[in-house]
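Welcome to a short set of exercises with worked solutions. Keep the viewer open and try each task before reading on.

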Amino acid sequence: LYTARFDTIAGTLNFDPANPANSSINVTIAANSVSTGILNRQGERAFDREIGEALGAQANPDITFVSRTIQV
């Protein structure tokens, strides 16, 4: 069992308190910023790089989430 996180995340929340349904969320994650804390014998984060490669980080460096709707 492995635990991983992304170290590079940015996002915006546009909240409309008068009409919350008009609110939106936009988040971008650097696909190659995976961090498991696992180092190989050379002290490198090779496993993290492998995960980034599996996510296609070279061709698609950013993982982006943009909300379509918000339900109240």
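**Exercise 1. The surroundings of Ser 35**

Leaving aside its neighbours within four places in sequence, which residues is Ser 35 in contact with? Then place Ser 35 in the secondary structure and classify it as buried or exposed.

*Solution.* Keep in mind throughout that you are working with a predicted model.

Step 1. Set aside the neighbours within four places in sequence, and the contacts of Ser 35 are Thr 3, Ala 4, Arg 5, Asp 7, Arg 45 and Asp 48.

Step 2. Locate the residue: Ser 35 belongs to strand 4, which covers residues 34–35.

Step 3. Apply the cut-off: buried means under 20% relative accessible area. Ser 35 has a relative accessibility of 13%, so it counts as buried.

Step 4. For a distance check, take Pro 20: it is 15 residues from Ser 35 in sequence, and their C-alpha atoms are 34 Å apart in space.

**Exercise 2. Two further residues**

Work out where Ala 10 and Thr 69 lie, and assign each an accessibility class.

*Solution.* Step 1. Ala 10 sits in strand 2, residues 9–14. Beyond its neighbours within four places in sequence, Ala 10 touches Asn 26, Val 27 and Thr 28.

Step 2. The relative accessible area of Ala 10 is 48%. Exposed requires over 50% and buried under 20%, so Ala 10 is partly exposed.

Step 3. Thr 69 is found in the segment after strand 5 (62–66). With 61% relative accessibility, Thr 69 counts as exposed.

Step 4. Now set sequence against space. Ala 10 and Ile 70 are 60 residues apart in sequence, with 19 Å from C-alpha to C-alpha. For Thr 69 and Ser 23, the sequence separation is 46 residues and the C-alpha distance is 8.1 Å.

**Exercise 3. The whole chain**

Describe the order of helix and strands, then decide whether the protein chain is more spread out than a compact globule or not, and why.

*Solution.* Step 1. The protein chain has 1 helix and 5 strands, arranged along the sequence as β-β-β-β-α-β.

Step 2. For 72 residues the globule rule gives 11 Å, whereas the radius of gyration is 16 Å, well over that value; the protein chain is therefore more spread out than a compact globule.

Step 3. Add the extents: the C-alpha trace spans about 55 × 25 × 20 Å along its principal axes.

Step 4. Look at burial and surface. Of the 72 residues, 18% are buried. The chain exposes about 5700 Å², with 52% supplied by carbon and sulfur atoms.

Step 5. Finish with contacts: among those with a separation of 6 or more, 56% join residues 24 or more positions apart.

**Exercise 4. The largest pocket**

How much space lies in the largest pocket, and which residues line it?

*Solution.* Step 1. The space in the largest pocket is about 170 Å³.

Step 2. Its lining consists of Asn 32, Val 34, Arg 45, Asp 48, Arg 49, Gly 52, Glu 53, Ala 57, Gln 58 and Pro 61.

Step 3. Sort the lining by character: 3 residues are nonpolar, 3 polar and 4 charged.

Step 4. Sort it by element: helix 1 (residues 46–54) supplies the largest share, 4 residues.

Terms used. Residues are numbered from 1 along each chain as its sequence is written. This is a predicted model: local features need pLDDT of at least 70, side-chain atom pairs count only at pLDDT 80 or more; totals for chains, interfaces and linings use all residues. Side-chain values use heavy atoms; hydrogens and water are left out. On a 1 Å grid over the protein atoms alone, a cavity is a set of points where a 1.4 Å probe fits but cannot get out, and a pocket is an open set with protein on both sides within 12 Å along at least five of seven lines; lining residues have an atom within 4 Å of a point. Grid points are joined across faces, edges and corners, and a volume is the space filled by probe spheres set on the points. Helices (H or I, at least four residues) and strands (E, at least two) are DSSP runs, numbered from the N terminus. Ala, Val, Leu, Ile, Met, Phe, Trp, Tyr, Cys and Pro count as nonpolar, Asp, Glu, Lys and Arg as charged, and the others, Gly among them, as polar. The radius of gyration is taken over C-alpha atoms; the globule rule is 2.2 Å times the number of residues to the power 0.38. Buried means under 20% relative accessible area, exposed over 50%, partly exposed in between (1.4 Å probe, protein chains only). Contact means heavy atoms within 4.5 Å. Accessible areas come from the Shrake-Rupley method with a 1.4 Å probe; for residues, only the protein chains shown count as cover.
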